[in-house]
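Please open the model in your viewer and keep the sequence panel beside it. The tour below proceeds by selections, each followed by what can be found there.

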Amino acid sequence: MKAAAYRFWASVGGLSPEAISLIIALGLVLGVFPVFGCPTVLCVLAAVTLRLNLPAIQLVNQLSSPLQLALLIPLSRIGARISGGPAAWSLAGATRDAIAGWFCLCVPLGLALYFILVFALNRRRQEWFNGLESPG
């Protein structure tokens, strides 16, 4: 995990706090998309469209893959509750419910995560610059 964190910070070293926050938030939100194989494609599309650092967003995507497995059943249950029906026993129904649950839960949480990270990284950057300017 330490090596992955080192690689991530090395790849985003010169980026703005907003870009770093967007990479982390999109990598996590798209990385837990409940259809196997799609998160990688979605992260590539997001990185190309928004001109983000592709290796960094893919690293966050790959680190979030255990969350994708862990959230599969809870997202399916949330989606079933949102649609008002019982939990689906077919693969297509469970996938539909999981995508609905992902959209209603993970997308708003990803937006909140983005704004929290922008605030935290901007604050950290201000503290770092203030530390450089103050004498001794």
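## Where α3 meets α4

Begin by selecting P39, T40, C43, V44 and A47 in α3 together with L54, I57, Q58, N61 and Q62 in α4, since these are the residues through which the two helices meet. Sorted by character, the residues of this contact comprise six nonpolar and four polar ones, with no charged residue among them. The model is a predicted one, and that should be kept in mind at every stop. With the axes of the two helices drawn, α3 and α4 come within 9 Å of each other and cross at roughly 150°, which makes α3 roughly antiparallel to α4. The crossing of α3 and α4 is right-handed.

Before leaving this pair, select R51, which sits in the loop between α3 and α4. Although R51 is not a glycine, its phi is positive, at about 55°. With a relative accessibility of 77%, R51 counts as exposed.

## The whole chain

Now zoom out and display the protein chain as a cartoon, where six helices and zero strands can be traced. Read from the N terminus, the order of elements is α-α-α-α-α-α. The C-alpha trace spans about 65 × 30 × 25 Å along its principal axes, and 32% of the 136 residues count as buried. If contacts between residues at least 6 apart in sequence are considered, 64% of them join residues at least 24 apart.

## α2 against α4

Keep α4 (residues 54–63) on display and add α2 (residues 17–31), whose axis comes within 8 Å of that of α4 and crosses it at roughly 45°. That angle makes α2 oblique to α4, and the crossing of these two helices is right-handed. To see the contact itself, select I23, I24, L26, G27, L28 and G31 on the α2 side and A56, I57, V60 and N61 on the α4 side. The residues of this contact divide into seven nonpolar and three polar, and again no charged residue takes part.

What does L30 of α2 touch, if residues up to four places away in sequence are not counted? Selecting L30, which lies in helix α2, shows contacts with P39, L42, C43, A46 and W102. L30 is buried, its relative accessible area being 11%. A distance drawn from the C-alpha atom of L30 to that of V60 reads 9.6 Å, for two residues that are 30 positions apart along the chain.

## The start of α2

Next select P17, which also belongs to helix α2 and is buried, with a relative accessible area of 5%. Leaving aside residues up to four places away in sequence, P17 touches V118, L121, N122 and R125. For one of these partners, R125, the separation in sequence from P17 is 108 residues, while their C-alpha atoms lie 8.4 Å apart in space.

## Aromatic pairs

How many aromatic pairs does a search of the whole structure find? The search finds two, and both can be brought up in turn. In one, F33 and W102 are arranged edge-to-face, with 4.8 Å from centre to centre and 85° between the planes. F33 lies in the loop between α2 and α3 (38–50), whereas W102 lies in helix α6 (residues 91–133), so the pair ties together parts of the chain that are 69 residues apart in sequence. Is F33 buried or exposed? F33 is buried, at a relative accessible area of 12%, and W102 likewise counts as buried, with a relative accessibility of 9%.

The other pair is made by Y114 and F115, whose ring centres are 5.2 Å apart and whose planes stand at 70°, so this pair too is edge-to-face. F115 counts as exposed, at 55% relative accessibility.

## A last stop in α5

Finally, select S76, which lies in helix α5 (residues 65–83). S76 is buried, with a relative accessible area of 12%. When residues up to four places away in sequence are not counted, S76 touches A94, D97 and A98, and adding these residues to the selection completes the tour.

Notes
Residues numbered from 1 in each chain as written. Predicted model: local features only at pLDDT ≥ 70, side-chain atom pairs only at ≥ 80, totals over all residues. Heavy atoms only, no water. Axes fitted to C-alpha atoms, helices over the stretch in contact; angles between N-to-C directions. Helix = DSSP H or I, 4+ residues; strand = E, 2+ residues; numbered from the N terminus. Parallel < 35°, antiparallel > 145°, perpendicular 65-115°, else oblique. Left-handed = near helix turned anticlockwise from the far one by under 90°. Contact = heavy atoms within 4.5 Å. Nonpolar A, V, L, I, M, F, W, Y, C, P; charged D, E, K, R; others polar. Phe/Tyr/Trp six-rings, centres within 6.5 Å; stacked < 30°, edge-to-face > 60°. Buried < 20%, exposed > 50% of the residue type's maximum accessible area, 1.4 Å probe, protein only.
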